[in-house]
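Biologist: Thanks for sitting down with me over this one. Could you bring up the model, and we'll go through it together?

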Amino acid sequence: MSLLNPEQDVQRLSRGARYRRMAARNPLLIAGGVVLVLIVLLTTFAPWISPADPTALDLTNRLQAPNADNWFGTDVLGRDIFSQVLHGGRLSLIVGFMAVFIAMLIGIPIGLVAGYFGGRVDAIMMRVSDVFLAFPPLLLPIAITAALGAGLLNTMLAIGISWFPWYARIVRASVISVKSELYVTAARAMGVSHTKVMLRHALPNASTPVMVQGSMDFGYTILAAASLSFIGLGARPPAIEWGLMVASSRALFLDYWWTAAFPGLAIFITVLAVNLFGDGLRDALDPKFRGRV
Amino acid sequence: MLRYALNRILLLLLTLLGVLVITFIISRVLPGSPVEMMLGSRPTPEQIEAARIALGLDQPIWVQFFAYLRDVLSGDFGTSLRTGQSVISDIGARFAATAELVTVGFALALAIGIPLGIHSAVKPNAISDHAARSVSVIGLALPVFFLGLLFQLVFHGQLGWLPLQGRIDGDVMLDTPFDPVTGFFLIDTLLAGNLTAFGSALAHLALPVLTLAAATTASVMRVTRNNMIEVMSQDHIKTVIAYGLPTEKVHYRYALRAALVPLLTVFGLIYGYMLGGSVIVEYVFDWPGIGGYAVNSVITNDFPAVTGVTLVLATAYLTVNLAVDLLYQVVDPRLRVS
Amino acid sequence: MTSRGFISRALASALVIALSLTAAVSSVRADTLVYALYDDIKDWDPAVAFSLEAILLRNVYEPLVRYAALEPGDPSDTPPIEGVLATNWQVSDDALTWTFTLRDGVTFHDGTPLNAAAAKASLDRTIALGQGAAFIWDGVEEITAPDDTTLVIRASRPIPIDLIASAQYGAYIYSPTAAENGTDWFNQGNASGTGPYTVAGWTRGQQIVLEQNPDYWRTWEEGQFKRVIMKVVAEAATQAQLIRSGGADFVTLLPVDLLQRLKNDADITVDLAPSWINTQALINTKKYPTDDINFRRALTHAWDYASIATEIYQGTADVARGPVPATMWGHNPDLPAPAFDLEEAKRLVEASGIPPRDRKISAAYVGTAAEVTNSLLVFQAYLATIGVELQLRPGPWGKIWDDAKNLRTAPNMQVLSWWPTYPTPADWLQGMYRTEDPTLFNLAHYSNEEFDALVDQARALESTDRQAAIDLYARAQQILVDDAVAIFFADVSARYVHRSDIEGVEKNPAYVGVDFYSLRRRQP
């Protein structure tokens, strides 16, 4: 077991060397990050690099197994699955990202206000957050999406709304720990407004844990969005999205495995990369985990 | 301690009220008039209007809410628009199925996840550690629905070893019936001495449980590992090792005990995660539980069922968390201060 | 670690035990039939049921008469009606009074005897409840039972009571004693009819068990099924797996893309037979831009009828000609075949004068129907080539219907599948296209006085002058085609998918499901 104290070592190094060291100590972070960047690039440039138009029907070429022309085979309407996987990534990534963003958008202000002002305001806000936490994961997004109607925009909102309490809590904890710091008291004594204190002193302190949580949640939101599409509450045809592709193939996948396998694998690899990256980020930034590979 | 418990119960009830409000709002916003769905193929305009009034949909929204509140408090969750049965009886009929699935899955996740997590923490960087951590990372990244489909494809489609869906063979249920004492088929069939039915129930349980437990095992493994690492790095453990006690013994006896207690706090979260995951698993495997009922109710805008199920699941989740919290208070005396 | 090893060993042995045990019971008992339903039974009351319940109820309850299986031939032949609980029936000269002679020696499952009084009580209750398909009895003034075996039904205007009494919904004769318990009693899974099978049990959401009725008025022979398990299996993939493994003898859902594979399997029989189900895309005649007749006609030419029937439906549907299925009496055989012609479509779009930026339409449909989804995707692709943008709106039936009824929220096109309550072209023509206010199923929001008059007249003549009725119906159908109120694209075939050792499957388009009484399992 390592008994190094990495903080002292790291302080003495140059910036480049510091990053290299971080990379060497956190191979998962790098691996995850690289794959993630690759996926983002592939899906962003999908219109240029995909071999076929993913919406092009070809009724004479339906349900073909993977072959030289169609690397991932074709689906029930003869569309090229490889092209669909490339194009579908965009929606999955965007929805996942936006869901986290929305959760942060709602949760951070609530946590800031609750932690900063304390007392009744805190109690009320936390009780309300608790109500949202009372739902088992996925149940609330399912219900909200059904209420708002299917569609990826509503999926983003639903997941974001269900997820905000985590960010509220993290920010609140961070703000509370900072509130008692001397420099905050000093700033208030000098007449700096509440808002400024919150934004300039409390908020930055919370940024690291929020980022770490966000990167870890990103994988979950992608999975949640895909699951919702699988049930039929997320993306709808003719949209191309990985979860929807698996759902559409459900009646046939036992005989035509490729219609479900490739989109499913795409989800898996993306979430894997995101999780590795998130884990790596936490390992790198969280003091308890430094020093362990 | 009693005061703390009462306090927490009060809080739970308050939270449940909040849950009720939210689910009521959601169910009333659900698009599509539920009346159409309820009346089947071709109702006349008169039948539609009559049903509207019977459901109370012509009242202002706050009147509907208080009527709903009153009904819920007296145990009436309304009638499902889809099945035509009372929501309570619908849920009751399906409760044991979900309970069995989640309990067995939970037990499996603990039985595999805890030892793996400990092993991983105690022998860091060994091949087994890396392997275990890889499995854990994979388990968390695999979409539950995809894993379920994969299992069906491999174990049923290709190998033909295990059944595709359902809880037990319909034939077996009829030819060799057993008393549903607990609702847990594994227990009931054994109690009845019915090995055929036990085998059938076990075979049907295998794939859904494996699918559900996969992600949870990964979670349990991570948390156990993290807790063990924390405890092992604490001074009192290092001291004992420095004094010469065998490292392994120290790890498995003292560190483990200390690490498992905080694990309790995460139990509630993990249980909730399983409840959420069970929704998808039940949908994929046609498991006759509450999760599948929830999904079908939501898809068909069955608002009494949606509110009823959400309420039941949220209550279960909150209760488990409360129980775990109280248990933790009992187990760890250091926290009995506040 | 020892504990881990122990656990894995224990699991392994448990699995082995389970596998060996399940191997022993994987074969279905020969005298049990397993029938896979796609949803659970909701309305058990025979007076109210109006949906897939008929699949179950037709084996537990019986009507007075039934419409015998479709024979190929001139669809204008006199309806082939057979007696079931009635042995004889005749109509008075003024066509207003029908007299039925009831069969002797029939009892309900609860032991009460079938007599005219019971039949009268049964029908009276159905009419009084006014739910489900009770509307088929509209026009009936009075039902009397002068003696034990004579039932008299008197109407205020000439209506085809023999056809109506053969309906698959709302025409069952059930035990009035049992019915006194009310609809709630039925909905707990109780039943009391005269049919060959009794309800032995219902596990909600999972299965219903039927058992042979030993007192059935027809004789039982060796080889008929003593027990029927109706399993609830919602997923098409699962049903396909069940039929292949022998876990089910009959399935009701069929992913059409598996059709060929299932046909190639010697243990499975896939039979396509005429049904009276058709699917059409109603075009909203009151919503811009589909309120323009040229634009509507253009849409009808942009649909690839042949390819969709062959590729998307894999031959399980025929290209429809007009609003009434080709196998239904009263279908107009002179209607032109619909033409897929993109050039013509383009020309008509231009002729409509609709500016390019307004060439956007929406189509709503039930999202779970794979064939409909795929057909619309093909349609969408072709429309794009002629500059029309199609927005798809899938959803659950409740929402779709609610939106479609109201012009404010209605889409430009609404896909609807339809089948008759009892065999008459009026079911389509009146049910879907007659002027309605408020709108119920006339989702094309079509209103044409000439059409309405033709249909009303034809209905009145149906039982007295059938040929005249047929001529009037023919003209009505022509009007609908000329006005391009819908894309009529699929006369859907009934699919009988069962294990090859099951014999005696009767294919009758008038009734959903199968009669279990006629089935036998061929012994090896």
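Modeller: Happy to. One term before we start: contact here means heavy atoms within 4.5 Å. Do keep in mind that this is a predicted model.

Biologist: With that cut-off, how many residues does each chain bring to the contact of chain A and chain B?

Modeller: Residues are taken from both chains. Chain A gives 49 residues, and chain B gives 53 residues.

Biologist: What share of the area buried between chain A and chain B comes from carbon and sulfur atoms?

Modeller: The buried area for chain A and chain B is about 4,400 Å². On the side of chain A that touches chain B, the residues divide into 38 nonpolar, 4 polar and 7 charged. Of the buried area, carbon and sulfur atoms give 78%.

Biologist: How many salt bridges does the rule find across the interface of chain A and chain B?

Modeller: Polar contacts are found there: 2 residue pairs, both at pLDDT 80 or more. For salt bridges across the interface of chain A and chain B, the count is 0.

Biologist: Which helix of chain A gives the most to the side that touches chain B?

Modeller: Several helices of chain A each supply at least two residues to that side, among them helix 6 (119–133), helix 7 (139–148) and helix 10 (194–231). Helix 11 (242–248) and helix 12 (258–285) are also on that list. The one that gives the most, with 12 residues, is helix 12.

Biologist: Now for the other partner. How many salt bridges are counted between chain A and chain C?

Modeller: This contact takes 16 residues from chain A and 22 residues from chain C. About 1,700 Å² is buried between the two chains, with 62% of it on carbon and sulfur atoms. The side of chain A that touches chain C has 11 nonpolar, no polar and 5 charged residues. Between chain A and chain C, the count of salt bridges is 5.

Biologist: Which residue of chain C meets the side chain of R62(A) in a salt bridge?

Modeller: The cut-off for a salt bridge is 4 Å from nitrogen to carboxyl oxygen. The pair in question has an N to O distance of 3.7 Å. The partner of R62(A) is E311(C).

Biologist: Let's turn to the surface. Which helix gives the most to the nonpolar patch on chain A?

Modeller: The patch is formed by V37(A), L38(A), L41(A), L42(A), F45(A), W48(A) and I49(A), with about 730 Å² of accessible area together. Helix 3 (27–44) and helix 4 (46–49) each give two or more residues, while F45(A) sits in the loop between them. With 4 residues, the helix that gives the most is helix 3.

Biologist: On to the backbone. What is the omega of the peptide bond from D437(C) to P438(C)?

Modeller: Most peptide bonds are trans. In chain C, the bond from Y288(C) to P289(C) is cis, with omega near -5°, and P289(C) lies in the loop between strand 14 (268–283) and helix 9 (293–301). The bond from D437(C) to P438(C) is also cis, with omega near 10°.

Biologist: And what is the phi of L63(A)?

Modeller: L63(A) is in the loop between helix 4 and helix 5 (81–117) of chain A. Most residues other than glycine have a negative phi. L63(A) is not a glycine, yet its phi is positive, at about 50°.

Biologist: Last one: how many helices does chain B have?

Modeller: The C-alpha atoms of chain B fill a box of roughly 85 × 55 × 40 Å along the principal axes. Its secondary structure has 0 strands, and the helices come to 14.

Conventions: Residues numbered from 1 in each chain as written. Chains lettered and ligands numbered in written order. Predicted model: local features only at pLDDT ≥ 70, side-chain atom pairs only at ≥ 80, totals over all residues. Heavy atoms only, no water. Buried area = accessible area lost by both parts, 1.4 Å probe. Polar contact = N/O pair within 3.5 Å; in protein donor to acceptor, adjacent residues only side chain to side chain. Nonpolar A, V, L, I, M, F, W, Y, C, P; charged D, E, K, R; others polar. Patch = residues over 30% accessible without salt bridge, like charges linked within 9 Å, V, L, I, M, F, W, Y side chains within 5 Å. Areas by Shrake-Rupley, 256 points an atom, 1.4 Å probe, with all protein chains shown as cover.
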